[in-house]
Amino acid sequence: MQPYFSIIIPVFNGEARLAPTLDSVCRQTFRDFEIIVVDDGSMDNTSKIVSCYCEKYLQQVYYFYKENGGVSSARNVGLEKAEGVFVIFLDSDDFLDENYLQKMYDELKGTDKKWACCVNKENGKINWSRFTYTGEGGLLKYILGGGNLPQTACWVIKRSLLTCSGMFFDEEINYTEDYNFFCKLLYYAERMGIKGGYLREPLVDYSVYCGTLCQRERLWIDLKHLADDFKSTKDIYRYIERTGREDSAVYLRLLRVRLKKKYLYNLWGTLLLGELADFKCLRRMYVEDKKIYSLFDIGLGMKYFIWEWATRPIICYLTLILYPYKRFQKFRQRKKYSLMNRLC
């Protein structure tokens, strides 16, 4: 019998956090679901952990192994194996509220909605200032305009919608691949007049811990991941541009604004905290994309106007010689160690 939900869990060396994630699914009050664990070439005890759940929950938990290829390829494999009416992509270190599936079922059952999403907590706490969408203006415009994208597990999508739209996770993008996927999916849904639901309830607990990319990106994003971010945004731009939809100019402008903001913010950050080689490479990318995507006529206000001075040669020269922020950070570090020594 076809399950109502397929929960796809990609995992790579996830033995430390996988069991609590699986427990959060197995404790669901709504029971019509299957769990598909896709092991992306793990070299730890991931397979042993999953085998215990396969034995305990026969015909409900399934395990598939593949060579390492990244989270996007693992999700795509899971999508191929899924048989549920709706699919969910749950990361192997995140957790579902015990009523998550029931509330999603209530939102979708008996309607023509083909997707729904909720908001998420981070480490058990909800920051409502990050979720200000009210339902007006469309969720895609809100996200492209700088609004927070709910985490991957917050989304429930009808499998037939993904089949008809040809949507899959881009395996060449390893960072912001979820942003790329959901923005294109929302645009397709809008274009086809497909309805969805938005639950302003925190039904997913997203794990942010020391060492994760999400934690590091709040301090700094390296050039490799920045390149993926820009690639993702430009891919959405081309996808929308190809459709020729009448109001596509609105979405394209939002993407151009996002692209320019990302460049300027990270150019300034690279200049202060990064390496000279990274700054030069990032600046070359910006100059090229500035022409291709006509970023000259995008006005962003005084803050970004000041940040754009990071691209001026004389400012670059002075900053690279003086390294004011690095000096300030070293001063703070010395002060911190001095205080700790006195306390000891």
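Which residues make a nonpolar surface patch of about 430 Å²? Good morning, colleagues. The structure before you is a predicted model, and I shall begin with the answer to that question. The patch is formed by Met-302, Phe-305, Ile-306 and Trp-309. Of these four residues, let me take Met-302. Met-302 belongs to helix H12, which covers residues 302-307. Its relative accessibility is 57%, and because exposed means over 50%, Met-302 is classed as exposed.

I turn now to a pocket. The second largest pocket holds about 200 Å³ of space. Its lining consists of 15 residues, and those closest to the centre are Trp-115, Tyr-133, Gly-138, Leu-139 and Gly-196. Which elements each supply at least two residues of this lining? They are helix H5 (139-144), helix H7 (177-191) and strand S8 (196-206). As for the chemical classes, eight residues of the lining are nonpolar, five are polar and two are charged.

Let me close with Gly-138, one of the residues closest to the centre of the second largest pocket. Gly-138 sits in the loop that runs between strand S6 (115-122) and H5. Is Gly-138 buried, partly exposed or exposed? With a relative accessibility of 22%, Gly-138 counts as partly exposed, because buried would require a value under 20% and exposed a value over 50%. Finally, consider Gly-138 together with Leu-186: 48 residues separate the two in sequence, while in space the distance from C-alpha to C-alpha is 9.4 Å. Thank you for your attention.

Note on methods:
Residues numbered from 1 in each chain as written. Predicted model: local features only at pLDDT ≥ 70, side-chain atom pairs only at ≥ 80, totals over all residues. Heavy atoms only, no water. 1 Å grid on protein atoms, 1.4 Å probe; cavity = no way out; pocket = protein on both sides within 12 Å on 5 of 7 lines; lining within 4 Å. Points joined across faces, edges and corners; volume = space filled by probe spheres on them. Helix = DSSP H or I, 4+ residues; strand = E, 2+ residues; numbered from the N terminus. Nonpolar A, V, L, I, M, F, W, Y, C, P; charged D, E, K, R; others polar. Patch = residues over 30% accessible without salt bridge, like charges linked within 9 Å, V, L, I, M, F, W, Y side chains within 5 Å. Areas by Shrake-Rupley, 256 points an atom, 1.4 Å probe, with all protein chains shown as cover. Salt bridge = Lys/Arg side-chain N within 4 Å of Asp/Glu carboxyl O. Buried < 20%, exposed > 50% of the residue type's maximum accessible area, 1.4 Å probe, protein only.
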